[in-house]
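Dear colleague,

I am passing this structure on to you, and below it you will find an account of what came out of it. Please look through the sequence and the model before reading on.

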Amino acid sequence: NGRLVAVDNEDISYFNETGTQTGVTTHTSFFSGLTTSSYLFDPRVLYDSEEDRFIYVLLHGTNYTNSKIFVCFSKTNDPENDGWDIYSLPGNPLNDQSWTDYPNIGVSGDELFITTNLFYSNNSFNQSVIYQIDKFDGYNGNSTVSYSVWDDVFDGNGAKAFTVVPASYGQQGSYGPNMYFTSSRPGGSTRIYLYEITDNMNGNPQLTADDILADYEVAADGNQLGSSSLMDVGDCRMQNAFYLNGIVHTVHAGDYLGTGYCGVFYYRIPVDNTSQTEEAVFGQSGFDYAYPSLASFGMNECDKSVMVGALRTGSTIYPQMRVMNCDQEMQWSSSTQIVSGASPISFIGSPERWGDYTAMQRKHSASSPEVWMGGCHTSSSNRYVTRLAEIKGDYVPAEGPGVDFYSNDSIGIPTYFVNFYDNSTNNPIAWEWTFEGGIPNVSTQQNPLVSYLDTGSFDVRLIAWNDDCFD
């Protein structure tokens with residue numbers, strides 16, 4: 001309903017679509033009375049388009065004795081005025097003296113999923129875990145939320161997973177009761193990984209993992225204009241993912257074509273045949289594109305077009321925000337500047353950290369594709385500015401067939417034979433007929449012959465596919 005919720009390490013802020021900030025609350029104030037540590041960090045927020053609510057997650061404490069996950073469910077689609085229900089989950093869920101870092105969140109039709117990395121007190125990596133939570137406990141304001149924790153999450157090659165990213169539904173609505181996730185190796189690999197939790201908590205969920213051929217390496221740190229301090233472009237961990245029409249879309253950063261510069265690696269993973277995964281890499285020699293974000297940019301579930309946001313730096317520019325489109329045919333547009341930097345960053349020393357707050361979400365009520373991106377660029381005082389950007393663009397929709405058919409007759413006496421003829425537009429290439437009371441009762445022919453042995457009135461259904469979509 002035109003409301004934006006944005007979070008960083010300081011605040012939760014509310015905006016309208018004109019760019020006016022309508023409210024802001026510090027995390028310390030928001031969670032007053034619930035904290036034992038002054039260290040509140042790594043916030044995430046998403047909009048659940050199926051339920052018209054927001055979910056907000058924040059971490060508390062970096063020691064196993066005080067590590068918590070605050071989980072907040074908006075009471076309506078206007079949390080600034082109507083408030084939130086707040087819950088606390090343990091940040092040491094395995095009771096093994098580890099604490100929670102770097103959450104990612106996603107929703108299915110019934111549940112909220114929070115994935116985190118666990119570290120021991122000496123900051124050595126323990127493992128990644130997945131919290132599976134009944135989201136309606138939160139939406140209904142129950143006193144507690146029901147949840148389970150998946151530990152020992154191994155990738156398709158039997159190694160411990162790192163930074164597992166949930167894939168929420170990419171457009172209006174949801175899917176489930178299953179949920180898909182992706183991950184990659186932060187230090188580079190010849191594989192990426194797809195996971196599935198096969199059912200909700202009330203069923204019989206299983207966790208499966210599949211490995212997918214890929215080839216990526218960590219890029220070198222980036223340059224910036226006016227300073228010898230390098231920019232940390234991060235590692236190759238998976239950044240964003242969504243699911244749509246049998247395909248998981250996911251993105252991470254890595255070395256661009258062996259140049260040493262950082263680029264964007266984007267994948268389309270068919271969940272029923274991962275060997276048919278497609279990959280497109282975006283980059284530009286002389287510039288680093290880091291910390292990519294991702295959202296669907298189509299108007300129907302068949303449209304594979306995506307918008308990808310990234311932060312860019314280079315020896316001739318100050319750190320800035322960019323966006324590019326990858327279309328239905330897996331072809332990239334050029335990148336477009338959202339906002340340029342105004343100075344070199346000088347904050348913590350070389351390499352400068354800069355990509356923590358980069359995200360992209362779809363505006364589900366828009367009449368043509370629209371996404372909103374959060375990212376950062378540099379101000380004139382050598383510091384960061386966080387920017388929210390509304391992103392539109394030229395759009396050619398995926399055009400599915402217009403399904404139509406006719407028959408040689410529709411009334412007869414048993415045994416009655418009917419020829420059915422496909423009359424669909426836009427070049428269909430595959431057909432699936434269903435004939436109630438007919439023999440055969442299903443057919444994949446374009447123009448089948450069907451017999452009817454009994455009297456009655458019977459329905460006929462045709463689904464047709466072309467290269468873009470189905471109807």
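**Strand E5 and its partners**

From strand E5, Arg53, Ile55, Val57 and Leu59 point one way while Phe54, Tyr56, Leu58 and His60 point the other way, and all of them are buried (buried meaning under 20% relative accessible area, exposed over 50%, and partly exposed in between, with a 1.4 Å probe and protein chains only). Please keep in mind that this is a predicted model, in which local features need pLDDT of at least 70 and side-chain atom pairs count only at pLDDT 80 or more, whereas totals for chains, interfaces and linings use all residues. Residues are numbered from 1 along each chain as its sequence is written, and side-chain values use heavy atoms, with hydrogens and water left out.

Strand E5 covers residues 53–60, and since eight of its eight residues are buried, the strand is largely enclosed by the rest of the structure. The labels follow DSSP runs numbered from the N terminus, where helices (H or I) have at least four residues and strands (E) at least two. On one side in sequence, strand E4 (residues 40–48) pairs with E5 in the antiparallel sense over seven bridges, two strands being counted as paired if DSSP finds at least two bridges between them. Within that pairing, Tyr47 stands opposite Phe54, and the hairpin of E4 and E5 has four residues between the strands, with Asp52 taking a positive phi near 60°. E5 also pairs with strand E6 (residues 68–74), again in the antiparallel sense, over six bridges, and here Leu59 stands opposite Ile69.

**Other strand pairings**

Another hairpin is made by E16 and E17, with two residues between them, and Gly226 in its turn has a positive phi of about 80°. Strand E16 (residues 222–224) and strand E17 (residues 227–231) run antiparallel and are joined by two bridges, and Gly222 stands opposite Met231.

Further along the chain there is an open sheet of three strands in the order E33-E31-E35, with antiparallel pairing. Strand E33 (442–443) and strand E35 (460–465) stand at its edges, each with a single partner strand, so one side of each is left without a neighbour in the sheet. Strand E31 (residues 430–435) is joined to E33 by two bridges, and Thr434 of that pair stands opposite Val442.

**Salt bridges**

The count comes to eight salt bridges, a salt bridge being a side-chain nitrogen of Lys or Arg within 4 Å of a carboxyl oxygen of Asp or Glu. One of them joins Asp78 and Arg3, whose closest N and O atoms are 3.3 Å apart. Asp78 lies in the loop between E6 and helix H2 (79–82), and Arg3 in strand E1 (residues 3–7), so the pair ties together parts that are 75 residues apart in sequence. Asp78 counts as buried at 11% relative accessibility, whereas Arg3 is partly exposed, with a relative accessible area of 33%.

Lys363 and Glu17 form another salt bridge, with the closest N and O atoms 2.6 Å apart. This pair links distant parts of the chain, since Lys363 is in the loop between strand E26 (359–362) and strand E27 (371–378) and Glu17 is in the loop between strand E2 (11–16) and strand E3 (21–26), 346 residues apart. Lys363 is partly exposed at 22% relative accessibility, and Glu17 is partly exposed with a relative accessible area of 30%.

**The second largest pocket**

The second largest pocket holds about 300 Å³ of space. Here a pocket is an open set of points on a 1 Å grid over the protein atoms alone, where a 1.4 Å probe fits, with protein on both sides within 12 Å along at least five of seven lines, and lining residues have an atom within 4 Å of a point; the volume is the space filled by probe spheres set on the points. Of the 17 residues that line this pocket, the closest to its centre are Ser410, Ile411, Tyr416, Gly456 and Phe458. Strand E30 (residues 416–422) gives the most to the lining, with three residues.

With kind regards
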